Amino acid sequence: MKWIRFSNEKTDFLVKNILKGFFFLAVLVLIFYLLRKGTTEEDRMLWFGSIYNNPMLVLAVFVGSEIIFGIIPPEIFMLWSMETGYLGPYFLSIGTLSLISYAAGFLNFTIGKFLKGKVSWLNGDNKYLKKYHKMFDQYGGYLVIVASVTPIPFSAVALLAGAGGLDKTKYLLNSLFRILRYFVYAYILWQIEV
């Protein structure tokens, strides 16, 4: 009887990056915990109040971050949403944030399609994108799934997927994992907080 081998290059790549994601989530939760336990509410409001209490500013920063290669981890915005409730009930706000992220990815995918062949930095000439370009060449649409659920920059991969000629329907279906990621991470954060 032959044993079925579940491990392959794609699965290993996915698992490795999911583990990285949970490691970064753990680090973020630890920082959040230490910040809450090591400071008073007044101190935190003094440091972050002008941003923290301005939902339009926070959402603008979130949208900008999601479009510009995920500069700020989305978990920070999940924690903000949980703490403030400005976007409504927690899981409704997570739905809103996940749809914004999904839309930002599709915007980058569309930009990538438009810029395909028009700019050299999308063809692997850019130092930042070179690594992800190589990954896209190796994994194709599977990289969209991995970037949707791990710390690999989702927006950068979406841009490369558009420029790389990935089918729009395939991209939209693969990137739905982004919404799943938001709810899984949000649930973990909520369980830690409760």
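Start by selecting Glu-66 in this predicted model: at 2% relative accessibility, Glu-66 counts as buried. Now add Arg-178 to the selection, because Arg-178 is buried too, with a relative accessible area of 4%. Draw a distance between the two side chains and you will find a salt bridge, with the closest N and O atoms 3.1 Å apart. Colour the helices next: Arg-178 lies in helix 10 and Glu-66 in helix 3 (residues 55-67), so the pair ties together parts that are 112 residues apart in sequence.

How many salt bridges does the count come to? The count comes to 2, so let's visit the other pair, bearing in mind that a salt bridge needs a side-chain nitrogen of Lys or Arg within 4 Å of a carboxyl oxygen of Asp or Glu.

Select Glu-75 and Arg-181. Their closest N and O atoms are 2.5 Å apart, and they form a salt bridge. This pair links distant parts of the chain, with Glu-75 in helix 4 and Arg-181 in helix 10, 106 residues apart. Are these two residues buried or exposed? Glu-75 has 5% relative accessibility and counts as buried; Arg-181, at 6%, counts as buried as well.

Stay on Glu-75 a little longer. Helix 4, where Glu-75 sits, spans residues 74-84. Leaving aside residues up to four places away in sequence, show what Glu-75 touches: Leu-25, Leu-28, Arg-181, Tyr-185 and Leu-189. For a backbone view, put a distance between the C-alpha atoms of Glu-75 and Val-29; it reads 9.1 Å, for residues 46 apart along the chain.

Next, move to the loop between helix 9 (168-174) and helix 10, and pick Ser-175 there. Ser-175 is buried, with a relative accessible area of 0%. From its side chain, trace a 3.3 Å line to the backbone oxygen of Leu-172. Then display the residues Ser-175 touches, again setting aside those up to four places away in sequence: Tyr-102, Val-144, Ser-148 and Phe-154.

For the last stop, switch on the surface and select Phe-22, Phe-177, Leu-180 and Val-184. Together they make a nonpolar patch with about 320 Å² of accessible area. Which helix gives the most to the patch? Helix 10 (residues 177-193) does, with 3 residues. Finish by centring on Leu-180, a residue of helix 10. Leu-180 counts as partly exposed, because its relative accessibility is 46% and that class runs between the 20% limit for buried and the 50% limit for exposed.

Methods. Residues are numbered from 1 along each chain as its sequence is written. This is a predicted model: local features need pLDDT of at least 70, side-chain atom pairs count only at pLDDT 80 or more; totals for chains, interfaces and linings use all residues. Side-chain values use heavy atoms; hydrogens and water are left out. Patches are made of residues with over 30% relative accessible area and no salt bridge: like charges are joined within 9 Å, nonpolar side chains (Val, Leu, Ile, Met, Phe, Trp, Tyr) within 5 Å. Accessible areas come from the Shrake-Rupley method with a 1.4 Å probe; for residues, only the protein chains shown count as cover. Helices (H or I, at least four residues) and strands (E, at least two) are DSSP runs, numbered from the N terminus. Buried means under 20% relative accessible area, exposed over 50%, partly exposed in between (1.4 Å probe, protein chains only). A polar contact is a pair of N or O atoms within 3.5 Å; within protein, one must be able to donate a hydrogen and the other to accept it, and residues adjacent in sequence count only if both atoms are side-chain atoms. Contact means heavy atoms within 4.5 Å.
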